[in-house]
Amino acid sequence: MNARSVIESLIASWNTQDVETTLAHCSDDVFYALYVSEDAVPFGGVTVGKDAMRATLHMMLEQFDYLRFDRAIVGVDDDVVRVQTQFKFHHRRTGGNLEGTMRTVFRVKDGMVVRCDEYLDQGLVEAFMRLTQQREASGEVVQPPEIPRFGERRPEPVATAGSKGPCEKEECR
């Protein structure tokens, strides 16, 4: 499989938020760098190895819902694939949204991703996370929905007392 096909398949896997299938495209010693301070997000910085990458991907999904994640391959040069992404992330705990563009540079060797470098607007992310930390410190949090693990379906949202929408619970009537 050529580098473009590997990345197209990886993108399709990540679009379903299937961590294990996404990792199946990666070498055991995959190098992942998210060029955002670890002080801003706990999964920022460098991650090496498939197990560490698994933990990082789960951490991302635990903190953010991906409301928009439109990836486009913008360049292929032998084993290097460049991708541009329009994104909108929803912070599960505070309800805030982070929106922007990022670019990713993948390196593929022998049909496996061996390196992934992601570049975001570090100032934007850090400002968003400072606001998020302030909201959490002041108690401005929302109850995040449960996250399904691989093979599970997301539960349908159920309205609670005081919210808009149908609610099947006795206390909502």
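**Sheet and aromatic pairs in a predicted model**

Author: In this predicted model, an open sheet of 6 strands follows the order β2-β1-β6-β5-β4-β3, and its pairing is mixed.

Reader: What makes β2 and β3 the edges of the sheet?

Author: Each of the two, β2 (45-48) and β3 (64-77), has a single partner strand, so one side of each is left without a neighbour in the sheet. From one strand to the next, the twist averages 15°.

Reader: How do you know that β5 and β6 pair, and in which direction do they run?

Author: Strand β5 (residues 97-109) is joined to strand β6 (residues 112-119) by 7 bridges, and since pairing asks for at least two bridges, the two strands count as paired. They run antiparallel, and V108 stands opposite V113 in β6.

Reader: Which strands does helix α1 touch, and what angle does its direction make with that of β3?

Author: Helix α1 (residues 3-15) packs on the sheet, where it touches β1 (26-34), β3, β4 (80-91), β5 and β6, and its direction makes about 175° with that of β3. Helix α3 (residues 50-63), for its part, lies across β1, β2, β3 and β4 and runs at about 50° to β1.

Reader: How many aromatic pairs does a search of the whole structure find, and why is the pair of Y35 and Y119 called stacked?

Author: The search finds 9 aromatic pairs. The ring centres of Y35 and Y119 are 4.7 Å apart, against a limit of 6.5 Å, and their planes stand at 10°, where under 30 degrees is required, so the pair is stacked. This pair links distant parts of the chain, with Y35 in the loop between β1 and β2 and Y119 in strand β6, 84 residues apart.

Reader: Why are Y35 and Y119 called partly exposed?

Author: The relative accessible area is 34% for Y35 and 28% for Y119; partly exposed is the class between under 20%, which means buried, and over 50%, which means exposed, so the term applies to Y35 and to Y119.

Reader: What makes F87 and F89 a stacked pair, and why are F87 and F89 called buried?

Author: The rings have their centres 4.5 Å apart and their planes at 20°, and because the cut-offs are 6.5 Å and 30 degrees, the pair is stacked. With a relative accessible area of 2%, F87 is under the 20% limit and therefore buried, and F89, at 9% relative accessibility, is buried by that limit too. Ring pairs link F87 and F89 into a cluster with W14, F43, F64, Y66, F69 and F128.

Technical notes: Residues numbered from 1 in each chain as written. Predicted model: local features only at pLDDT ≥ 70, side-chain atom pairs only at ≥ 80, totals over all residues. Heavy atoms only, no water. Helix = DSSP H or I, 4+ residues; strand = E, 2+ residues; numbered from the N terminus. Axes fitted to C-alpha atoms, helices over the stretch in contact; angles between N-to-C directions. Contact = heavy atoms within 4.5 Å. Phe/Tyr/Trp six-rings, centres within 6.5 Å; stacked < 30°, edge-to-face > 60°. Buried < 20%, exposed > 50% of the residue type's maximum accessible area, 1.4 Å probe, protein only.
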